Amino acid sequence: MAASPVTPQRDSWATRAGFILAAVGSAVGLGNMWRFPYVASEGGGAAFVALYLAIVAVVGIPLMTAEFVVGRLTQQSPLVAVRRLGGRRWAPLGWLFILGGFGILSYYSVIAGWTMRYAFDAVRNAIPSDTSGYFNEVSSGLDAVFLHLLFMAVTIWIVVQGVRKGLERSVLVMMPVLFLLLIGLAIWAKTLDGGDPGYGYYLRPDLGALLRPGILAAAAGQAFYSLSLGMGALMTYASYLRSKENLAREATVVALSDFGVAFVAGLVVFPVIFAFDLFDTVSESSIGTLFIALPKGFEILGRTGDFVDTAFFVLLFLAALSSAISLLEVVVTAIIDRWGWRRGRAALVAGGAITLLGIPSALDLAVLGAIDQISGNFLLLVGGLGIAFFVGWRIFPQADAELAQGLRSPRLRWVWGALVRFVAPVVLVAVLVSAWPATWAAVRTLLGLE
Ligand code: TRP
């Protein structure tokens with residue numbers, strides 16, 4: 001087996017804030033900004049928000065804690081960690097994480113590339129009034145490929161610098177800027193004439209919606225995606241943790257921050273849609289809301305809009321970048337810990353391969369959507385189920401002992417154990433079953449396109 005758990009050269013976080021902000025940076029991303037507001041308003045407003053929070057508490061925080069525990073316990077990439085602790089039979093779980101990192105980042109970077117172009121044009125004041133024509137131009141053909149390459153280059157560049165110098169330093173700047181921009185935008189949205197009904201639309205408690213089939217799956221899928229769970233991203237981050245903090249508390253802080261950002265994003269998006277009467281432009285896909293409807297609204301504002309759209313797209317870009325970093329880091333740490341490559345080489349090769357894999361998504365939105373469905377809504381849940389069984393059944397005593405370093409209360413650890421061992425698997429199996437038809441359809445789309 002590989003070297004001793006803590007090799008002296010292995011990088012680590014310099015501060016607790018660095019680790020937490022990096023984990024929040026991974027969690028807060030495009031999923032918060034466009035997916036949550038949309039899913040919540042469709043799924044029953046405040047009633048959905050309550051259901052979502054319940055799932056975060058009962059499944060999300062316990063599994064995030066489980067990921068943290070394995071990472072800190074082994075001080076190794078998840079690929080190495082599951083194999084070392086679980087033996088041969090568990091090796092495929094590690095590979096599933098790598099596959100998830102490849103799959104998600106390949107298309108995530110395409111959307112992130114658009115945000116770069118929007119931010120750039122917003123600064124130069126060059127977003128045209130025909131926002132849907134503009135969106136089509138940005139999101140297709142060579143333009144889209146070029147933006148994807150550029151975004152991957154930035155991501156690789158940060159990851160090459162390492163955990164302390166690259167990741168930690170960049171999130172310490174990016175995340176506070178992101179929070180400030182978001183709060184500023186929410187306050188600004190409150191001042192809009194005619195925006196108030198937007199809050200009602202977003203949050204009207206529709207208890208009936210909770211009875212619809214698939215609502216649990218929608219909430220759980222959203223929670224997994226938004227919290228970056230199920231593919232070892234947060235496990236990888238925790239493997240660079242040396243101090244014995246209370247990991248359950250850290251997970252709670254990260255999950256609640258992620259929820260806070262998603263919730264506030266809705267407080268920006270919906271008043272704007274109502275104030276400028278943008279319902280017609282809001283397409284089914286919710287991508288339309290962000291990239292077509294909102295710039296239209298900002299345009300109506302004239303001068304103020306010039307400033308606001310810059311803030312908005314810079315915010316999206318930062319959120320996407322800090323998530324992309326974590327996705328690439330999963331693969332890079334695996335290569336370093338498993339094969340002993342230097343970081344620079346690992347980041348270039350892995351990042352290059354992911355970039356190539358993303359080109360079809362840049363050229364065709366149907367491919368992008370299919371890969372999103374398969375990796376985002378399915379692989380993550382399979383990975384989450386694997387983590388629940390691994391931590392809850394295969395290595396439970398060891399995991400519990402690691403958690404005890406920082407979380408003394410036996411009662412709280414008992415609750416955690418029950419949630420990871422029993423509740424999470426049951427919820428995840430139910431969700432996987434209901435996510436299967438859409439996943440199978442996506443697989444067929446991909447095969448049909450080849
Ligand atoms: N959580 C991110 C978002 O909300 C996406 C993401 C980043 C992710 N890293 C991940 C999802 C790891 C799953 C696993 O946009």
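The space that the ligand takes up is the largest cavity of this structure, which is a predicted model. That makes the cavity a good place to begin our walk. A search through the whole structure turns up one cavity of 30 Å³ or more, and the volume of the largest cavity comes to about 160 Å³. The lining of this cavity counts 18 residues, and those closest to its centre are Ser26, Ile104, Tyr225, Ser228 and Leu327.

Which helices build the walls? At least two lining residues come from each of H1, H2, H5, H10 and H14. If you sort the lining by class, you get ten nonpolar residues, eight polar ones and no charged ones.

Now let us look at the ligand itself. It is surrounded by 17 residues, with Ala27, Gly31, Tyr108, Tyr225 and Ser228 as the closest. Tyr225 and Ser228 may look familiar: both are also listed among the residues closest to the centre of the largest cavity. In the shell around the ligand, nine residues are nonpolar, eight are polar and none is charged.

Three contacts deserve a closer look if you are thinking about atom pairs. On the side of the ligand's oxygen, one such atom lies 3.2 Å from an N or O atom in the side chain of Asn32. On the nitrogen side, a ligand nitrogen atom is 3.1 Å from a polar backbone atom of Ser226. A nitrogen atom of the ligand is also 3.0 Å from an N or O atom in the side chain of Ser228. How much of the ligand does the protein bury? On its own the ligand would expose 360 Å², and 100% of that is buried by the protein.

To place this shell in the fold, follow the elements that give it two or more residues: helix H1 (16-27), helix H2 (30-42), helix H5 (91-123), helix H10 (215-226) and helix H14 (303-339). With these residue ranges in hand, you can trace each helix in the model above and see how the surroundings of the ligand are put together from them.

Definitions and conventions. Residues numbered from 1 in each chain as written. Predicted model: local features only at pLDDT ≥ 70, side-chain atom pairs only at ≥ 80, totals over all residues. Heavy atoms only, no water. Near = heavy atom within 4 Å. Polar contact = N/O pair within 3.5 Å; in protein donor to acceptor, adjacent residues only side chain to side chain. Areas by Shrake-Rupley, 256 points an atom, 1.4 Å probe, with all protein chains shown as cover. 1 Å grid on protein atoms, 1.4 Å probe; cavity = no way out; pocket = protein on both sides within 12 Å on 5 of 7 lines; lining within 4 Å. Sits in = over half its atoms within 2 Å of the grid points. Helix = DSSP H or I, 4+ residues; strand = E, 2+ residues; numbered from the N terminus. Nonpolar A, V, L, I, M, F, W, Y, C, P; charged D, E, K, R; others polar. Points joined across faces, edges and corners; volume = space filled by probe spheres on them.
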